[in-house]
Structure formats: C-alpha cells, structure tokens
Amino acid sequence: MAEVLMNEYGDKRIVIVGLGLTGLSCVDFFMARGVIPRVMDTRTIPPGSDKLPDGVECHTGGLNAEWLMDADLIIASPGVALATPELLAAANAGVEIIGDIELFCREATAPIVAITGSNGKSTVTTLVGEMAKKAGWEVGVGGNIGVPALELLKSPCQLYVLELSSFQLETTYSLQAAAATVLNVSEDHMVRYPDGLSQYRAAKLRIYDQAQVCVVNEQDPLTLPETGKDSRCISFGVDGGDYRLDSESQQLIADQSPVLPIREMKLAGQHNYTNGLAALALADAVNIPRDASLEALRTYSGLAHRFQVVHMRNGIRWVNDSKATNVGSTQAALSGLSLEGTLYLLVGGDGKSADFTPLKPYLSRDNIRLYCFGRDGNQLAQLRPEISTLTETMEQAMREIASGLNAGDMVLLSPACASFDQFNGFEHRGHVFARLAEELG
C-alpha cells in the first residue's frame, strides 16, 4: 500500500470537473492523500475515463449540479469556464473553486518561474528549463505544456518552470513566483472573454500577484502590472529595455553589456531573439549561472511547429509555424522578417471570432503572396485581395505555390487561426505541412 501523504483534504468532499491528463493528475493527487474524489466531464466519453481508479464515481455528458452543490472543494479544468451556470451557482453557494495550479502552488517548496503571454510562452518555458539543466539543476518543467504541474511534485526539484494559460490563472490564488512574465498580450480566446481584451489581460496579469520579479515587454504596455511599472519590473525588447536586442550590432545585450551575437543562436526570427532575452532575464532573476544560460541559447533549436524550418532545398525554405493559432502569433512571425525572394504566407482555419485587421501592415510589402484556406479563409483574403489566393484546403494552396518557387523564397505556414475546422490540432496541421513540404520541395 502506497504511503498516504499528510494533508488538509482528508475529510473534504472533492469534485474534479474535467478529465484528460490534468483531471487524472488531480485524481492521483487526492488518492495519494487518502481522498476519493468524484469526477465529472461534459463529454460523453472523456479522454482518460478508462484510466480512472476503481471506486471513483464519474458523471459524463454534462455537469452534475447536485454533486457540485454538495462539494467542499471543486477543482475546475482550465477548459471549463467559471461563468458556466452550474459553477456560478456553486460559487454563489460558497463552494471553493480552484484549479490544478492552485493545488500545486499550495504544495511546492522550490522557487517557481511562471510564464504566460499570448505567444512564445512554450518556447520561453522550455528555454528557461534548458538553462537550468545546463547548470546541472534538478528542474521540473510543465503546466500548460507537456507534464501536468501536479506530476512535477513527485520528483525532487530545485526549480519549477511553469507555462500558464489565462484559463489556469483564473483559478490560481497562491502563486508566489520567484520570477514571472507576461510576454505579450493580443486577442485570443475572445469567445471565453465577452468583455474583450481587458478581461483577457486581467486574467494574464494575475501572474504578477505576489511575484518577486516581473519581467515585462518594453514594446507592449499591456504586459505591465495593473498599477504600471514598479520596482519589481525588469524589461526586455528590441533596441530598448534592460535586456535588449541591438539590431545594429545584432547582439543580445544585458545590463548595457553585449552577451551573445545572434548568429551564435540556433533560434531564428526577431520574435525568437526577444524570447531568448525574456528567458535570460527570468534565469538571471533566479540565479541560474549566466554561462549555463548562454550555452542553452547557443544550443536550443526551438519547439516543433513554432517557426521551425522543416525543409530547405535549392535556396527555398519551408517554415512550419502551425502553433500560430492567433493574430498576435502571426504578427510575431512576420515582424522583422526579411528575405531576398518572395514570402508565400499560408493563413486560415477557425479564427475564433478574432479581428484580423492588425495583420494588414505586415502584408503591405511587395514581395508577399497570401494563400488563404479553411473556415475563415475568405475573411483573411479580404485583407489584401490583390495578392490573395483562396483555396478550400492547405494542401491545395501548397500545391499551387510549389510550381512557382525560386531560390530565396520562403513558404511560411503561420495561420493566425485554430485548426479544428480541418485538423485534429495545430500539431496535426504542422505534420501535414511538413510532409507536403518534403514531397513538394
């Protein structure tokens, strides 16, 4: 019999809303403490339901209002909005509702680096983790990326590096990050935030509550704490900030001193250089040795589906940025991008009710051709109709592009949309792009 951990949940009636990896990690967490939770999910056959331990009651196909009202504590999945009527009713009745990140924060004893933002957070999270590993530290990396946070508690760690979504932050109250960042704020998940960008931003900014160091984006005032810049703030940016990219000397600068020429980095693109600066600022804030951090910046080649060169031949680059599921992410990919030939930009999918007009300035150059596909392809084509080609699928667009390519050209998939209208997720879309790039290139 596994050792039962000491805890404060022993006599509580716990309900977990939402299964999947995160839900299962919550079940596991409570079972280890001798508490058998109840589980519910709006899906009829939720992922992970076959892995539930014996004795755990599971309600599927909707929310069980009776269980919720009877609970002492509800652990809500990030995918379930707190504005859901059943959860609102429970909250109004005085039932405490938290998420798995709050559970984690109550147990964690090592310092936490916390990372959010509309774009770049997975890259920065992984990079800070790599910096700690290069220093020989025991580090746990997870949250909204890879491993559920609660799983990280099972191994000894000197540092936790967590990627956090706005949804996760909504149900987190005890995060006291050693260093926290909001990398950028642009429209995303607006369906979940009826009050618009300000409501979405407010959820992101919760990451700074009780943080010791706040790493802010010099170019994006929306990343500053609610009350503005304070003594906790360290900034990063292009040609400005405590950590900056000097575009003239093409070097990363930290505290007025050059630390790394960008030609030594494997990451490409201006947005990735600023991601590197944000990671360096966070690493410095928790005293990861600088030489280890710089070594990670030299060797780290990025995550799949994030501005990843998947095929290169005859001077033509095919770049998979399928993770660009919102407008801000595509803006980041296009910002500071210069090439000799023509840019063939693939955009489209499910735009999640976003406003695409912020992309217009990035489409004004002469050497760009726009290929639009999927549910909101037509809307995207209207941004600059004279350079746009509309197809039903991404594959059709790629086949049209392939016949006219020359050395110096780039084919960039940076869709500004979610993928679920035609794919199983951004990874699936990226894999299809990479396979076709190999075939057509």
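In the predicted model, six strands are arranged as an open sheet of mixed pairing, in the order β15-β16-β20-β17-β18-β19. The edge positions are taken by β15 (308–313) and β19 (388–390); each has a single partner strand, so one side of each is left without a neighbour in the sheet. From one strand to the next, the twist averages 20 degrees.

Within this sheet, strand β17, spanning residues 343–348, is paired with strand β20, spanning residues 410–413. The two strands run in the parallel sense, and four bridges join them. In this pairing, L343 is placed opposite M410 of β20. Helix α12 (residues 394–402) lies across five strands of the sheet, namely β16 (316–320), β17, β18 (368–373), β19 and β20. Relative to β17, helix α12 runs at about 170 degrees.

The second largest pocket encloses about 280 Å³ of space. Its lining comprises 17 residues, of which G269, Q270, Y273, G336 and S338 are the closest to the pocket centre. Helix α8, which covers residues 270–285, gives the most to this lining, with three residues. Both domain 2 (103–299) and domain 3 (308–440) take part in the lining of the second largest pocket, each with at least three residues. By class, eight of the lining residues are nonpolar, eight are polar and one is charged.

How values were computed. Residues numbered from 1 in each chain as written. Predicted model: local features only at pLDDT ≥ 70, side-chain atom pairs only at ≥ 80, totals over all residues. Heavy atoms only, no water. 1 Å grid on protein atoms, 1.4 Å probe; cavity = no way out; pocket = protein on both sides within 12 Å on 5 of 7 lines; lining within 4 Å. Points joined across faces, edges and corners; volume = space filled by probe spheres on them. Nonpolar A, V, L, I, M, F, W, Y, C, P; charged D, E, K, R; others polar. Domains from an automatic or database assignment. Pairing = 2+ DSSP bridges. Axes fitted to C-alpha atoms, helices over the stretch in contact; angles between N-to-C directions. Contact = heavy atoms within 4.5 Å.
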